[in-house]
Amino acid sequence: MNNKVNGHTGDFIKRQAKKIKKQENISYVQALEKASINAGFKNWKHFLNASKDANQTNLKENLEQGIAKTKPATIQKAVNPYRNLLVAGINILLDKGLISLDYSPTNDDDGHLFTDLFGYPSVVMWQDIGYEELRISVWWKYDHSQHPQANLSGNSRERFTTTSPLAKRQHYKKIVGVTATAWLERKTGKFMQGKGKEKIYDIYTRSVDKEELFNLPTQTAKGYKTEGEFFI
């Protein structure tokens, strides 16, 4: 991510985000948004979109190479546990008709769903982030009654529009077991971006839930691939 856009590279913005994250004790994604604004962009996605437009030809070539290197779907391999959890969340959204693998400007591509995942109350969120991509977040083993901001008002109230709970990190162990977020590509193909744990972000894992997470039954993606090219 070293192509310059308006004099800045993605690597530079990411380095600034890491500093902001430490200084302000906020999530990496929130820090990334602030760093992007400081660099003159509306947000991180604005920078990515600008970068895409400037390098569309290279992206197409990379995509073609990525597709050529993709292993046949019949080959079974271990799925990263966080990616597996996200697949379960996406499958539920597809089953309920809340999202579609085929983009349409008439679709309501923002929302959240309280649901059951692997026998536990959870929340699955989706948001249109442009270029026909959806941001998918899963909060597994989520207890809204323990959220300190569940019943507040205004912007302080949990509205399920961010990738992680609004509460301070120190409260997470009371309200959620695992959080994970990834991007679902729909324009150039139908797949979750990245491979393995790469490109899955805002991860939180409560220590008592880690073993169970890693032993969840492997989910089969419904109409899309669990891994694919990541667009920068």
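Analyst: Buried means under 20% relative accessible area, exposed means over 50%, and partly exposed is in between (1.4 Å probe, protein chains only). The model is predicted: local features need pLDDT of at least 70 and side-chain atom pairs count only at pLDDT 80 or more, while totals for chains, interfaces and linings use all residues. Residues are numbered from 1 along each chain as its sequence is written, and side-chain values use heavy atoms, with hydrogens and water left out.

User: Okay, why is Glu-185 called buried?

Analyst: Its relative accessible area is 2%, and the cut-off is under 20%, so Glu-185 counts as buried. You'll find Glu-185 in strand S4.

User: What does the side chain of Glu-185 reach?

Analyst: It reaches the backbone nitrogen of Lys-187 at 3.2 Å. A polar atom of the Glu-185 side chain also lies 3.0 Å from the backbone nitrogen of Thr-188. Both pass as polar contacts, because that term takes a pair of N or O atoms within 3.5 Å (within protein, one able to donate a hydrogen and the other to accept it; residues adjacent in sequence count only if both atoms are side-chain atoms).

User: How do you know that Leu-184 is buried?

Analyst: Its relative accessible area is 0%, so Leu-184 falls under the cut-off. Leu-184 sits in strand S4, residues 178-185. Its C-alpha atom is 8.9 Å from that of Ile-90, even though the two residues are 94 apart along the chain.

User: What makes something a helix or a strand here, and how many does the protein have?

Analyst: Both are DSSP runs, numbered from the N terminus: helices are H or I with at least four residues, and strands are E with at least two. The protein has seven helices and six strands. Along the sequence they come in the pattern α-α-α-α-α-β-β-β-α-β-β-β-α. As for burial, 45% of the 232 residues are buried.

User: How do you know that the span of H5 agrees with what's expected?

Analyst: The expected span is 1.5 Å times one less than the number of residues. For the 15 residues of H5 (residues 81-95) that gives 21 Å, and the end C-alpha atoms are 21 Å apart, so the two agree. H5 is also mostly covered, with 14 of its 15 residues buried.

User: What caps the N-terminal end of H5?

Analyst: That's Asn-80, with a side-chain oxygen 2.9 Å from the backbone nitrogen of Tyr-82. Just after H5, Gly-97 has a positive phi of about 70 degrees.

User: Why do S1 and S2 count as paired?

Analyst: Two strands pair if DSSP finds at least two bridges between them. S1 (residues 110-117) and S2 have eight, in the antiparallel sense, so they qualify. Among the facing residues, Gly-111 stands opposite Trp-126 in S2, and Phe-114 stands opposite Val-123. The two strands form a hairpin with two residues between them, and Phe-118 in the turn has a positive phi of about 55 degrees.

User: What makes S2 and S3 a pair?

Analyst: Six bridges join S2 to S3 (residues 134-140), and the strands run antiparallel. One of the matches is Gln-127 with Arg-135 in S3. This hairpin has five residues between its strands, including Gly-130 with a positive phi of about 90 degrees.

User: Asn-25 and Lys-141: is each one buried or exposed?

Analyst: Asn-25 is at 67% relative accessibility, over 50%, so it counts as exposed. Lys-141 is at 12%, under 20%, so it is buried. Asn-25 lies in the loop between H1 and H2, and Lys-141 in the loop between S3 and helix H6 (172-175). Each has a positive phi without being a glycine: about 55 degrees for Asn-25, and near 55 degrees for Lys-141.

User: What makes a space a pocket, and what is the volume of the largest pocket?

Analyst: On a 1 Å grid over the protein atoms alone, a pocket is an open set of points where a 1.4 Å probe fits, with protein on both sides within 12 Å along at least five of seven lines. The largest pocket has a volume of about 1100 Å³. Of its 37 lining residues, those closest to the centre are Ser-27, Tyr-28, Val-29, Gln-30 and Asp-202; to count as lining, a residue needs an atom within 4 Å of a point.

User: Which helix supplies the largest share of that lining?

Analyst: H2, with five residues.

Definitions and conventions
Points joined across faces, edges and corners; volume = space filled by probe spheres on them.
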